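Here's a quick briefing for anyone meeting this structure for the first time. Have a look at it, then read on.

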Amino acid sequence: MKKVGIRRLIPTYELIQSSREYSLSGQDRLKSQVQIEDVNKRLMRVKELVQKLGANN
């Protein structure tokens with residue numbers, strides 16, 4: 001498992017604490033529980049999550 005600095009983890013913990021639809025699912029996994037039937041809306045939701053975590057920097 002790759003070591004990650006605490007500054008990279010803070011957005012993840014803030015996201016988990018701010019919404020019940022996100023949870024940790026193991027040491028290195030984030031789980032999102034949202035039911036969206038439309039594929040385009042689901043894709044947009046995933047993109048928003050990635051932006052919130054700052055992974056696209």
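What follows covers the overall layout, the confidence, the surface and a couple of residues in the first helix.

This is a predicted model, where local features need a pLDDT of at least 70, side-chain atom pairs count only at pLDDT 80 or more, and totals for chains, interfaces and linings use all residues. Residues are numbered from 1 along each chain as its sequence is written, and side-chain values use heavy atoms, with hydrogens and water left out.

**Layout**
- The protein has 2 helices and 2 strands; these are DSSP runs numbered from the N terminus, with helices being H or I of at least four residues and strands being E of at least two.
- Going along the sequence, you'll meet them in the order α-β-β-α.
- Helix H2 takes up residues 39-53, which is 15 residues.
- From first C-alpha to last, H2 reaches 21 Å, close to the 21 Å expected at 1.5 Å a residue (the expected span is 1.5 Å times one less than the number of residues).
- Right after H2 comes Gly54, with a positive phi near 75 degrees.

**Confidence**
- The average pLDDT (the predictor's confidence in each residue, from 0 to 100) is 76, and 81% of the residues score at least 70.
- Confidence is lowest in helix H1 (residues 6-18), with a mean of 73, and highest in H2, at 86.

**Surface and contacts**
- Of the 57 residues in the protein, 12% are buried (buried means under 20% relative accessible area, exposed over 50%, partly exposed in between, with a 1.4 Å probe and protein chains only).
- About 5,400 Å² is exposed, and carbon and sulfur atoms supply 49% of that (areas come from the Shrake-Rupley method with a 1.4 Å probe; for residues, only the protein chains shown count as cover).
- Among contacts (heavy atoms within 4.5 Å) with a separation of 6 or more, 30% link residues 24 or more positions apart.

**Two residues in H1**
- Leu15 lies in helix H1 and counts as buried because its relative accessibility is 7%.
- Leaving aside neighbours within four places in sequence, Leu15 is in contact with Tyr22, Leu30, Leu49, Lys52 and Leu53.
- Leu15 and Leu53 are 38 residues apart in sequence, yet 7.9 Å apart in space, C-alpha to C-alpha.
- Thr12 is also in H1, and its 19% relative accessibility is why Thr12 counts as buried.
- With neighbours within four places in sequence left aside, Thr12 is in contact with Leu30 and Leu53.
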